[in-house]
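Got your viewer open? Let's take a short walk through this structure, one selection at a time.

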Amino acid sequence: MPRSTLTGSRIRERRTLKGLKQADLARSVGISPAYLNLIEHNRRRIGGKLLVDLARELDADLIALSQGAQAPLVEGLRAAAGEAGEARDPAEVDRVEDFADRFPGWAGLVTQQRDHIGALERRVEALNDRLAHDPYLSDALHDLLSSVTAVRSTAGILNAGDDIDPEWRVRFHRNIYEDSQRLADGAQSLVTYLDTIGSAQEGLSTPLDEVEAWLAAQSYALGDETSADTRHAPLKTLAAQTLAQDWQAKAARDAQAMPLAQVDAVLAQHGPDPSALARAANMPLDAAMRRLAALPPADHRPPVGLARCDGSGTLTFRKPLDGFALPRFGAACPLWPLYQALLRPTVPIRRVIEAQGQPARRFVAYAICQPVQALEFDAPQIVEATMMIVPLEHAGRTLPSAEASGDALGVGSTCRVCARAACAARREPSLVMVDHT
């Protein structure tokens, strides 16, 4: 979005700092002082050769003069105002550029707080998902309750009367001691586990967690472009090493079949369209999705998220995307195109979806469900679904205009943190009671 509304103010400020008179500057660029006065008071738009001449005479950077030195701050302030909804005065929103130019420190603080709040919201969502569905936490709490119940029952027997055989009294006291010791050990273990929340490893508890943490450290980019090696990866369990080797092998095959130069050519012509890459490389759609999600980060490559599930709907891989949460524990939103693809094997699905947030963000989801083993008579059908997610602003070129501008499918992360109260697919009450439907 062009930000030239205050170009004149910046010209006036730069001229004043250099100690130039308005008439002298106007003469040097071949315009009248009256016209320069209108420009400096933002009553005339300026561009082209005149702006270049003024930048030269003022020894100013052309971009800084036309757009301001605080472009990232302005975009951050506009985003913060948009997330605040209708609570902001539109007249004040129109003055964010002036605010950023005059008070860059305060503007930076506002944008930092906005980013911090967004990170905290995602953190709360992830922690709620963990507390609600983490199997280790559930087992630990069950053990604590069992120990408390055992201690209480034994103490109740001892408190019931004095006619207990001495031998049994000794046994009951020993049971109380052992159960109390188990209760103390369980409580300490639980506290230690909860203390890992917020640490770098997030209290990794499954091989898949280990692999995903390792992949995140590699920016999910494996294959021919990186030197990542699972033999030297910080993977503690054999199961995690096996999963990592499988993923790396697939990434290497995908990179060999779809070289980086070919992928970049497809991106330049079609955008992040997995079907275009699949056609160009004569590869399956799910392989094209994996390849696009495993590219080394670069400015010309859009952000891409990826999720996979087996026939039961259990997520077997997650590459998160900013604004689109992928639950780590428990079930995900049943409205995701990922699960719709399970109902229509081998049929590609593309859908514009809207994920809840402040503000709500739109994405394009591509999904496909394919068999993962050779078809045999009387053998069970084993399938796997893959879904690739791209922000709508990066995928507009790949969509028909009618689809890009049409209604988006409202989806969530998981029912416990989804505020769409009227959702027909809801399976459990939400902790968030605001209805955004």
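This is a predicted model. Begin by selecting residues 285–293: that is helix α16, which lies across β1, β2, β4 and β5. Add residues 361–371 to bring in β4, and you can see the helix running at about 135° to that strand.

Now turn to the sheet itself. Six strands make up this open, mixed sheet, and they follow one another as β2-β1-β5-β4-β3-β6. Select 315–319 and 409–411 next: these are β2 and β6, the edge strands, and each has a single partner, so one side of each has no neighbour in the sheet. Looking across the sheet, you will find neighbouring strands turned by 30° against each other on average, direction ignored.

Stay at the β2 edge and select residues 305–310, strand β1. Its antiparallel pairing with β2 is made by four bridges. To see two residues facing each other there, pick L306, which stands opposite K319 in β2.

Next come the cavities: there are two of 30 Å³ or more. For the largest, with about 80 Å³ of space, select C333, G412, C415, C418 and C423, the residues nearest its centre among the 14 that line it. That lining comprises eight nonpolar, four polar and two charged residues.

Which residues line the second largest cavity? Select W247, K250, A251, D254, R290, R291 and A294. They surround about 50 Å³ of space, and four of them are charged, three nonpolar and none polar. Helix α13 (238–257) and your starting point, α16, each supply at least two of these residues, with the largest share, four, coming from α13.

Technical notes. Residues are numbered from 1 along each chain as its sequence is written. This is a predicted model: local features need pLDDT of at least 70, side-chain atom pairs count only at pLDDT 80 or more; totals for chains, interfaces and linings use all residues. Side-chain values use heavy atoms; hydrogens and water are left out. Two strands pair if DSSP finds at least two bridges between them. Axes are lines fitted to C-alpha atoms, for helices over the stretch in contact, and angles run from 0 to 180 degrees between N-to-C directions. Contact means heavy atoms within 4.5 Å. On a 1 Å grid over the protein atoms alone, a cavity is a set of points where a 1.4 Å probe fits but cannot get out, and a pocket is an open set with protein on both sides within 12 Å along at least five of seven lines; lining residues have an atom within 4 Å of a point. Grid points are joined across faces, edges and corners, and a volume is the space filled by probe spheres set on the points. Ala, Val, Leu, Ile, Met, Phe, Trp, Tyr, Cys and Pro count as nonpolar, Asp, Glu, Lys and Arg as charged, and the others, Gly among them, as polar.
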